[in-house]
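Student: Hi, have you got a minute to go through this model with me? I'd like to start with the cysteines.

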Amino acid sequence: MLPQEKLEELYDSLTLEEKVGQLLQLNHIYFGVDGLLTGEALKWQFREEDVVHAGSVLNIFGRERLETLQREHLKNNKTPMIFMADVTSGYDIAYPFSLAQACSFDTKLVKALAGAAADAATADGINVTFSPMVDISRDARWGRCQESYGEDVFLSCQMTKAVVEGYQGERSDALSSLSACVKHFAAYGGAEGGRDYNNVELSRRALLETYLPPYKAAVEAGCDMVMTSFNTIGGVPATIDKQLVNDVLRGQWGFDGCVISDYAGILQCTCHRAVDNEKELAQLSVEAGVDIDMMDYIYTKYIPKLLAEGTLKEETFKNRVMNVLRLKNKKGLLEDPYRYLKGKAVDSEATYALAVKMVEESCVLLKNDEMLLPVRKEKRIALIGPYAVKEQAGTMWNMLSKKGQLFRKTPSEAFGELFEQPVMCEAGCAMLEYDNFLAEADRDTDPCYREPEKYQERAIEAARQAETVIMMLGEHGMQSGESASRAEITIPELQMKLLREIYEVNQNIVTVVFCGRPLDLREVSKRSKSVLIAWMPGDAGSEGIANLIAGRAVPTGKLSMSMPYCVGQCPVYYAMYPTGHGHAAPSKRFSSRYVDAPNAPLYPFGFGLSYTTFAYSDISADAEKLTQGGCIHFSATVTNTGDRDAEEVVQLYISDLSATGVSRPFRELKGFQRVLIRQSEAVEVVFEIKEEDLRFYNAQCQYESEAGEYIAYIGGDSRTENGVKFQL
Ligand code: BGC
């Protein structure tokens with residue numbers, strides 16, 4: 001790394017174009033494979049020189065291509081480019097997405113997977129990933145909740161820390177260290193109506209207490225970058241919100257890294273109608289503290305003018321440029337621009353094994369009547385549904401790198417290896433109705449569109465012959481993800497029709513649900529004896545799912561986001577506030593209720609079954625009162641009452657029974673532990689809580705704890721009633 005004075009010298013030696021170039025990030029459309037300019041630039045009001053000096057690129061993949069790009073760049077620049085990409089859930093191997101990973105409650109595995117992704121991405125020349133996305137998600141309509149760690153603040157913070165540490169490792173300049181860019185700052189997950197990019201309307205308390213902590217956890221874990229969000233918060237675009245970026249992020253939290261806008265996010269402030277003109281926008285964004293302008297011309301076009309006029313202070317501009325130079329320096333790029341471009345071996349097999357483990361830990365068993373699962377290996381099974389014949393179930397980001405996008409084993413191969421009789425495999429129907437616009441790409445290739453009756457008949461026949469039917473149903477890959485919000489959160493109707501037909505001939509149904517968000521699963525649950533949520537499991541999907549179904553692995557996953565009863569409940573989450581009219585049964589007049597649906601989700605946060613059962617007893621505290629500066633221990637005996645060794649995710653929730661002048665959520669997760677408990681054995685699980693764990697934003701919006709009465713609950717999900725009272 002260069003010392004500070006060398007950095008200063010470097011800054012002074014750069015031309016204005018080179019300095020402004022540090023603040024511009026472009027994607028592949030501007031560069032041919034030979035690293036040279038394409039004509040695209042001019043359409044976007046860039047001058048050729050702007051593109052020549054662009055200091056970073058995003059989502060260009062392939063080490064050789066990046067090396068060419070770097071060589072071309074260095075012909076005209078004194079500083080190298082830095083390469084960034086969306087490596088969000090694996091690189092050479094696609095993992096389950098973040099929401100699924102959070103269901104594992106396994107921070108060690110999450111960290112190991114991030115480390116493995118970093119290893120593979122850096123071997124390909126990538127320096128920074130636009131990950132983790134830590135936007136708290138409480139609305140299942142939002143298509144990007146899959147990229148988050150779900151509805152809970154504590155769980156999201158723990159996952160965030162694990163991922164940042166996993167990507168970056170001990171030192172940012174290590175060859176396998178991938179700098180993390182936490183996003184989307186701030187509160188992008190709070191979009192009104194669950195519609196992507198929409199305005200976020202939040203109280204100050206909700207922002208401080210619920211939405212900001214995961215970003216702060218990333219900063220505390222040392223993440224190198226932060227990305228601002230597309231959304232407005234109460235009408236103010238986050239990208240030009242000086243209070244948010246400059247005062248909170250940089251000021252209060254002491255973040256000294258690099259801030260980037262989201263894709264054309266600065267320019268979009270004009271669409272928000274939040275500025276008078278583009279020049280003013282450039283000024284606002286630079287002053288708010290955004291260093292890099294991703295994919296638009298606002299900085300390159302207007303910063304030189306603002307500097308010439310003296311409207312933009314040289315010092316403010318220099319701060320922006322220095323943040324980028326410092327990042328390049330941190331990565332060791334200023335000394336050797338090619339240090340990540342020399343290639344290195346990557347152990348994809350070891351990563352695949354971790355990915356299988358993550359599939360096993362992230363699937364959530366919601367129902368298992370008559371212990372239909374696990375299915376014994378001598379049983380005759382039929383896999384039915386569009387996902388029974390699909391070759392992939394990943395996210396748009398996995399597809400981007402053109403790697404890690406296919407199941408290593410097809411469902412028929414994975415199940416075939418574990419079952420003694422031949423496994424029947426039938427799609428039964430297409431993924432989506434023919435006229436759904438998202439089906440366009442599949443219309444010519446999916447044979448179910450040409451001969452629907454034939455494929456349905458084949459599926460029904462397979463179900464007749466099978467002892468157990470494994471229905472593999474779910475959302476189309478394009479029904480979730482960025483810009484894929486849904487107003488109906490159900491499995492497509494043609495798949496539900498198939499389920500009904502199959503139900504008529506064989507009711508021994510296990511439904512494996514592939515989805516990018518929590519869904520309304522009322523009917524699925526009614527027509528299936530067992531329901532297993534598989535999310536979009538990535539490359540190891542078939543293998544991990546087959547292991548669970550066959551009982552080679554025991555489900556341990558717990559929901560990181562509540563499964564709503566119906567879409568009308570959204571947003572629904574466990575840490576809601578009590579109301580003055582109670583949360584009583586729908587039949588009670590004047591209570592806070594729906595007259596046509598329960599208040600509770602179908603399956604709550606933290607819920608997930610195992611192939612064994614666990615009993616919780618002897619919940620106790622080692623003191624009646626928690627003192628300032630002291631700590632208190634809560635313990636419970638957890639007994640494995642079934643006939644298998646298994647891990648349980650033991651959860652601690654705390655409920656503040658009364659505060660001064662401000663209501664508190666029903667309860668909040670404050671701890672969790674994955675514990676292995678052998679069959680018929682009992683273990684004592686102990687949690688330590690300190691005074692600072694009970695702090696919240698009080699009526700004056702100060703972050704403090706309050707004396708009073710609390711209850712600590714320990715159990716296997718957020719509905720547990722096993723509690724003990726204590727005082728602070
Ligand atoms: C997304 C970001 C992503 C960026 C770059 C945007 O549309 O909101 O999450 O990192 O594109 O691909």
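Student: How many disulfides does the count come to?

Tutor: The count comes to zero disulfides, where a disulfide is a pair of cysteine sulfur atoms within 2.5 Å. Before we go on: this is a predicted model, in which local features need pLDDT of at least 70, side-chain atom pairs count only at pLDDT 80 or more, and totals for chains, interfaces and linings use all residues. Residues are numbered from 1 along each chain as its sequence is written, and side-chain values use heavy atoms, with hydrogens and water left out.

Student: Thanks. Why no bond for Cys-157?

Tutor: Because the closest cysteine sulfur, in Cys-223, is 13 Å from the sulfur of Cys-157, and that is too far for a bond. Cys-157 also counts as buried, at 15% relative accessibility. Buried means under 20% relative accessible area, exposed means over 50%, and partly exposed is in between, with a 1.4 Å probe and protein chains only.

Student: And Cys-181, how far away is the nearest cysteine sulfur there?

Tutor: For Cys-181 the nearest cysteine sulfur is that of Cys-223, 7.3 Å away, and Cys-181 is in no disulfide. Cys-181 counts as buried, with 0% relative accessibility.

Student: Let's switch to strand β5. Is β5 largely enclosed or open?

Tutor: Strand β5 (residues 179-185) is largely enclosed by the rest of the structure, because seven of its seven residues are buried. Strands here are DSSP runs of E with at least two residues, helices are runs of H or I with at least four, and both are numbered from the N terminus.

Student: Which way does β5 pair with β4, parallel or antiparallel?

Tutor: Parallel: strand β4 (residues 128-129) and β5 pair over two bridges. Two strands pair if DSSP finds at least two bridges between them. One partnership is Val-128 with Ser-179 of β5. Between the two strands the chain passes through helix α8 (residues 153-168), and this β-α-β crossover from β4 to β5 is right-handed. Right-handed means that, with the strands pointing away from the viewer, the path from the first strand over the helix to the second runs clockwise.

Student: How many bridges join β5 to β6?

Tutor: Three bridges join β5 to strand β6 (residues 225-228), and the two run parallel. Val-182 stands opposite Val-226 in β6.

Student: OK, and in what order do the strands form the open sheet?

Tutor: The order is β9-β6-β5-β4-β3-β2-β1-β10, eight strands in an open sheet with parallel pairing. The edge strands, which each pair on one side only, are β9 (258-260) and β10 (293-294).

Student: New topic, odd backbone spots. Which residues does a cis peptide bond join, with omega about 15°?

Tutor: That cis bond joins Phe-185 and Ala-186. Ala-186 sits in the loop between β5 and α9 (204-211). Another cis peptide bond runs from Cys-570 to Pro-571, with omega near -5°. Pro-571 belongs to the loop between α23 (541-549) and β17 (614-621).

Student: What about Glu-370, what is its phi?

Tutor: Glu-370 has a positive phi of about 55°, although it is not a glycine. Its place is the loop between β11 (364-368) and β12 (381-384), and Glu-370 is exposed, with a relative accessible area of 64%. Trp-535 also has a positive phi of about 55° and is not a glycine. Trp-535 is in the loop between β16 (530-533) and α23, but Trp-535 is buried, at a relative accessible area of 0%.

Student: Last one, the second largest pocket. How much space lies in it?

Tutor: About 760 Å³. A pocket is an open set of points, on a 1 Å grid over the protein atoms alone, where a 1.4 Å probe fits, with protein on both sides within 12 Å along at least five of seven lines. Points are joined across faces, edges and corners, and the volume is the space filled by probe spheres set on them.

Student: Which residues lie nearest its centre?

Tutor: Lys-390, Gln-392, Met-431, Asp-442 and His-476 do, out of 31 residues that line the second largest pocket; lining residues have an atom within 4 Å of a point. The elements that give two or more residues to this lining are α17 (396-400) and α19 (447-450).
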